[in-house]
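Here is a short briefing for a reader new to this structure. Look over the sequence and the model before reading on.

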Amino acid sequence: MRLCSGAGCGRAIADATRFCDECKAERGTPVQPEGKQHTTGYGAELDKLRKGTRWQKVRLLAVNRDPICKRCKGRLSEIVDHVVPAAVAIFQAQESGRWPYDQHAGYFLMCNLQGLCRSCHGLKTTEDKTHVGPWPDVVEAFDRTPKRKWSF
């Protein structure tokens, strides 16, 4: 149990809530069921990719490549973000026909990933939601990135 966050209110409320029902009504906030409600913004298919072992390996590579936030350059990277949103990147990769045996290749392209701190990731997510116009082409970005040359 904790105290309500309403100004001057001292009512005891559940830990997972912020305001009591009376303070919610005063603020004009709709009363919701107990507990936090959070969504990743991902559908079932993207959520399955995010929880897979392939993503965990790619995520580790991206965090090692970008240990400092690419946006503010001041804090440690905590989140691996898709520069172009994941669903758009997957669609662009499928449309290119470059990866005929991997329908989710766009999700895992390193050229479309960047390490961000939590606050910068929140800002970028808001920018993505209000984005207007065409997204940059992730396949072109893939072609521009230098490839590793192996010599034996």
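Two residues are in contact when heavy atoms of theirs lie within 4.5 Å. By that count, residues 24 or more positions apart account for 58% of the contacts in the protein with a separation of 6 or more. The model is predicted. The protein has 152 residues, and 30% of them count as buried.

**Layout**

- The protein contains 6 helices and 4 strands.
- Read from the N terminus, the elements follow the order β-β-α-α-α-β-α-β-α-α.

**Nonpolar cores**

- In soluble globular proteins, nonpolar side chains tend to be buried together.
- The largest nonpolar core here has 12 residues.
- Its members are Leu46, Leu49, Trp55, Val58, Ala62, Val63, Val80, Ala86, Ile90, Tyr107, Phe108 and Leu113.
- Three helices each give this core at least two residues: α2 (44-50), α3 (53-65) and α4 (86-96).
- Helix α3 makes the largest contribution, with 4 residues.
- Another core, of 6 residues, lies apart from this one. Cys4, Ile13, Phe19 and Cys20 are among its members.
- Cys20 counts as buried because its relative accessible area is 5%, under the 20% limit.

**Aromatic rings**

- The structure holds 3 aromatic pairs.
- One of them joins Tyr107 and Phe108 edge-to-face, with 5.1 Å centre to centre and 75 degrees between the planes. The pair counts as edge-to-face because the angle between the planes is over 60 degrees.
- Tyr107 and Phe108 are both buried.
- Ring pairs also bring in Trp55, giving a cluster of Trp55, Tyr107 and Phe108.
- Trp55 has further contacts beyond four places in sequence. It touches Leu49, Arg50, Val80, His82, Tyr107, Phe108 and Leu113.

**Charges over rings**

- Arg98 places its charged end over the ring of Trp99, 5.5 Å from the ring centre.
- Lys147 lies over the face of Phe142. The distance to the ring centre is 4.2 Å.

**His82 and Asn112**

- His82 belongs to strand β3, which spans residues 79-82.
- Is His82 buried or exposed? It is buried, because its relative accessibility is 5%.
- A polar atom of the His82 side chain lies 2.9 Å from the backbone oxygen of Tyr107.
- Asn112 sits in the loop between α4 and β4.
- Asn112 is buried too, at 2% relative accessibility.
- Beyond its neighbours within four places in sequence, Asn112 is in contact with Asp81, His82, Val83, Val84, Ala89, Gly106 and Val138.

**Cysteines**

- How many disulfides does the structure hold? The number is 0.
- Cys120 shows why one pair is not bonded: its sulfur is 3.5 Å from the closest cysteine sulfur, in Cys117, which is too far for a bond. A disulfide needs the two sulfur atoms within 2.5 Å.
- Cys120 is buried, with 5% relative accessibility.
- Cys117 is buried as well, with a relative accessible area of 2%.
- Cys117 has its place in the loop between β4 (113-116) and α5 (118-129).
- Leaving out residues up to four places away in sequence, Cys117 touches Cys69, Cys72, Arg75, Leu76, Ser77 and Glu78.
- Cys117 and Pro67 are 50 residues apart along the chain, and their C-alpha atoms are separated by 9.6 Å.

**A positive phi**

- Most residues other than glycine have a negative phi.
- Lys73 has a positive phi, near 55 degrees.
- Lys73 is in the loop between α3 and β3.
- Lys73 counts as exposed because its relative accessible area is 60%, over the 50% limit.

Technical notes: Residues numbered from 1 in each chain as written. Predicted model: local features only at pLDDT ≥ 70, side-chain atom pairs only at ≥ 80, totals over all residues. Heavy atoms only, no water. Phe/Tyr/Trp six-rings, centres within 6.5 Å; stacked < 30°, edge-to-face > 60°. Buried < 20%, exposed > 50% of the residue type's maximum accessible area, 1.4 Å probe, protein only. Lys NZ or Arg CZ within 6 Å of the ring centre and 35° of its normal. Core = buried A, V, L, I, M, F, W, Y, C linked by side-chain atoms within 4.5 Å. Polar contact = N/O pair within 3.5 Å; in protein donor to acceptor, adjacent residues only side chain to side chain.
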